[in-house]
There are 2 protein chains.
Amino acid sequence: MGYDRLVFSETELLAVFRALSNPARRQMLVWLKDPMSFPGQEPADVEIGVCVSDIQQRAGLGQSTTSQYLTILRQAGLVIATRRGKWTYYRRDEANIARLLETLRDVF
Amino acid sequence: MGYDRLVFSETELLAVFRALSNPARRQMLVWLKDPMSFPGQEPADVEIGVCVSDIQQRAGLGQSTTSQYLTILRQAGLVIATRRGKWTYYRRDEANIARLLETLRDVF
DNA sequence: ATCACATATTGGCAATTCGCGATATGACGA
DNA sequence: TCGTCATATCGCGAATTGCCAATATGTGAT
């Protein structure tokens, strides 16, 4: 909770734009706005996010590619991963995304 | 003046994020917010923009690279090019950048 | 301990990007 | 017309990305 600076550093921005320069990764981020739109998603799961295989099925990509793309989104600070059992759930990092949008408004 | 849609299409977003996924190109866009910060820039020139060689000198890149990067920014709809004599002046497309930021706020 | 399952990591290859030097285009002046 | 200057385009090798199959890691059930 809470971030060092208000604005993103050059390095952070690089990771963000590289992450979002791929349509599949951008899609994933948009899909995660509405976790309930994934089949078999329970209302109780919304807070923790969506598991990799559900995202993979929707993306139509391979398992390894999906996992890698989610890692890239996580390293860019756009999503948060939570491991529970054998599943890893991903959800948007809304606070950081909001901070990003503020940075973009300042910088551009 | 004026654009077809309020929000950017998938193709437009791809061009934008690819363009901004390079630090040098992002720098150029930020520099162009203040054309007067370029040496030898006259107040009368502000509206038309900054010529390629001035941007090149500041970026420390080769001439061809600078020209290509500005073309990429132009194709992404982020800057506007104006040819006057042997010079090409580049300035920010503020209207389109504002439209982009609205799209980002909607989509992300 | 062993198995099955979800996810992460590795290795690979085709396609793209990075940045450059060389060259082409286009505008102006002599 | 010829030469010069500003910019654009071309062609290149090195580095990175896109996506995959294969393999490794970790977790829960038996």
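Analyst: Welcome! A residue counts as near a strand if one of its heavy atoms lies within 4 Å of it. Keep in mind that this is a predicted model.

User: Thanks! Within 4 Å of the protein, what share of the atoms of DNA strand D belongs to sugar or phosphate?

Analyst: Sugar or phosphate accounts for 62% of those atoms, and bases make up the rest.

User: Which residues come nearest to DNA strand D?

Analyst: There are 22 residues around the strand, and the nearest are Gly62(A), Ser64(A), Tyr69(A), Ser64(B) and Ser67(B). By type, the surface near DNA strand D has six nonpolar, twelve polar and four charged residues.

User: Where should I look for contacts with phosphate oxygens of DNA strand D?

Analyst: Try Tyr69(A), where a side-chain N or O atom is 2.3 Å from a phosphate oxygen of the strand. Arg25(A) places a polar side-chain atom 3.2 Å from a phosphate oxygen. In Ser53(B) it is a backbone N or O atom that lies 2.9 Å from one.

User: Now the two chains. What turn lays chain A on chain B?

Analyst: A turn of 180 degrees, with a shift of 0.0 Å along the axis, gives an RMSD of 0.0 Å. That is the relation of a two-fold axis. Of the residues of chain A, Phe17(A) comes closest to the axis, its C-alpha at 2.8 Å.

User: And is Asn96(A) buried or exposed?

Analyst: Buried means under 20% relative accessible area, so Asn96(A), at 5%, is buried. Asn96(A) sits in helix α5 of chain A, and its side chain makes a polar contact of 2.9 Å with that of Arg99(A).

How values were computed
Residues are numbered from 1 along each chain as its sequence is written. Chains are lettered from A and ligands numbered from 1 in the order in which they are written. This is a predicted model: local features need pLDDT of at least 70, side-chain atom pairs count only at pLDDT 80 or more; totals for chains, interfaces and linings use all residues. Side-chain values use heavy atoms; hydrogens and water are left out. Copies are superposed by least squares on the C-alpha atoms of residues with pLDDT of at least 70 in both. Helices (H or I, at least four residues) and strands (E, at least two) are DSSP runs, numbered from the N terminus. Buried means under 20% relative accessible area, exposed over 50%, partly exposed in between (1.4 Å probe, protein chains only). A polar contact is a pair of N or O atoms within 3.5 Å; within protein, one must be able to donate a hydrogen and the other to accept it, and residues adjacent in sequence count only if both atoms are side-chain atoms. Ala, Val, Leu, Ile, Met, Phe, Trp, Tyr, Cys and Pro count as nonpolar, Asp, Glu, Lys and Arg as charged, and the others, Gly among them, as polar.
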